[in-house]
Structure formats: C-alpha cells, structure tokens
Amino acid sequence: MKKILFVCLGNICRSPMAEFIMKDEVRRQNRAGDFLIASAGTSGEEEGNPVYPPARAELAKHGISCEGKRAKKFLPSDYSAYEYILCMENSQVRELRRQTGDPDKKIFRLLDFTSSPHDIADPWYTRNFSLAYAQIAEGVRAFLLFLQKGDEAQQK
C-alpha cells in the first residue's frame, strides 16, 4: 500500500484539494485499496476547521466531495507514517525538512513530478481556485504516472 500525505500551509485549500482529487482518481482507476491518502498543514492555525468554502466549491464543480474533512497540523511523527509527503510549495518542503531532516528523501513538491516543476500558489491569497485545482490535478496525474513507472520497473 502506498501511503501519501499532501501538505500545504493551513490544510484548508490546496492539500485537501489534492487529497480528494487523488482519492477520486485512484477510485476511478479501481485502485483505491492500494492507497492511504491524507493531508495536513505546516501551520496549526486552522486545525479543526473544515475545507475553505471556495475550495470545497471547486471540488464540487468536478463532482468531488470532501465532506467531513477537518484541518490537521503536520506532526514530526507523520514522517514515518507516509511513504511520500507531497507539498504545494518550497516553503513547506523547507519547513518539513527542518522538522524531520528528511533522512529517507520522501518530501517533494507535488509539481516536481510534472514537466514544469513549480509552486502551486495559495488560492486563499490569489482567489484563483480553478487554477489551483488544475495544477493539483496535473500534479496528481504526473505523480500516479511516476508511481506506475516505478512499479513496472520493480516487476522487471
């Protein structure tokens, strides 16, 4: 089972969007049982709050529900619980590497798996939830392709 944790700042916009986009994608591929997928934030400021309404609305536009999701702060103990920790921007990568040391080299930006690696701007500030959705969906597809190639290489 692949254990994936998505991380952004507050865990109310980008990382929950990534969590539920990924869950939807693997469900549609009939691979949901192969994954444990969650999300967290580097800040505890939003802990316990639901997904931000515009992020929830953007997911709903694509037929994806995030019902029941509450913001959670990343804990150093999360490092050992997940195989991949996928951040939305470099500031989260730096913060998590500072907290954990990243001895297993499992912390990445989500878009590092695409042909155009870059940060995903925080839609809390940009108000562009559709762009954030599109970038996250692109990152999720690229990451799943990366995993598939790794699985194929192991089988050879």
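Biologist: Is Cys8 buried or exposed?

Modeller: Start from the cut-off: under 20% relative accessible area counts as buried. Cys8 has 3%, so Cys8 is buried. Keep in mind that this is a predicted model.

Biologist: Where in the fold is Cys8 found?

Modeller: Look for the element that holds the residue. Cys8 is found in strand 1, which covers residues 2-8.

Biologist: Which residues does Cys8 touch, not counting those up to four places away in sequence?

Modeller: Set the sequence neighbours aside, then list what remains. For Cys8 that leaves Arg14, Ser15, Pro16, Ala40, Gly41, Thr42, Met88 and Gln92.

Biologist: Arg14 is on that list. Is Arg14 buried or exposed?

Modeller: Apply the cut-off again. Arg14 has a relative accessible area of 1%, so Arg14 is buried. Arg14 is found in helix 1, residues 14-28.

Biologist: Which side chain has a polar contact with that of Arg14?

Modeller: Read the partner and the distance together. The partner is Glu89, and the polar contact between the two side chains is 2.5 Å. Glu89 is also one of the residues in contact with Arg14 beyond four places in sequence. Others there include Cys8, Met88, Gln92 and Asp122.

Biologist: Which residues does UniProt list for "active site"?

Modeller: Treat a record as a record. The unreviewed UniProt entry lists Cys8, Arg14 and Asp122. They span 115 residues in sequence, yet no two of their C-alpha atoms are more than 8.5 Å apart, so they gather at one spot. Cys8, Arg14 and Asp122 also belong to the lining of the largest pocket.

Biologist: What is the volume of the largest pocket, and how many nonpolar, polar and charged residues line it?

Modeller: Take the volume, then the lining. The volume is about 200 Å³. By class, the lining has 6 nonpolar, 2 polar and 4 charged residues. Among the lining residues are Leu9, Ile12, Ser43, Glu45, Glu46, Trp124 and Tyr125.

Biologist: Now another arginine. Is Arg109 buried or exposed?

Modeller: Use the same steps. Arg109 has 13% relative accessibility, so Arg109 counts as buried. Its place is in strand 4, residues 107-109.

Biologist: Which side chain makes a polar contact with the side chain of Arg109?

Modeller: Again, give partner and distance. The side chain of Asp112 does, at 2.9 Å. Beyond four places in sequence, the contacts of Arg109 are Cys87, Glu89, Asn90, Val93, Pro117, His118 and Asp119. Glu89 thus appears in the contacts of Arg109 and in those of Arg14.

Notes:
Residues numbered from 1 in each chain as written. Predicted model: local features only at pLDDT ≥ 70, side-chain atom pairs only at ≥ 80, totals over all residues. Heavy atoms only, no water. 1 Å grid on protein atoms, 1.4 Å probe; cavity = no way out; pocket = protein on both sides within 12 Å on 5 of 7 lines; lining within 4 Å. Points joined across faces, edges and corners; volume = space filled by probe spheres on them. Nonpolar A, V, L, I, M, F, W, Y, C, P; charged D, E, K, R; others polar. UniProt positions renumbered as here; feature names shortened; annotations may be inferred. Helix = DSSP H or I, 4+ residues; strand = E, 2+ residues; numbered from the N terminus. Buried < 20%, exposed > 50% of the residue type's maximum accessible area, 1.4 Å probe, protein only. Contact = heavy atoms within 4.5 Å. Polar contact = N/O pair within 3.5 Å; in protein donor to acceptor, adjacent residues only side chain to side chain.
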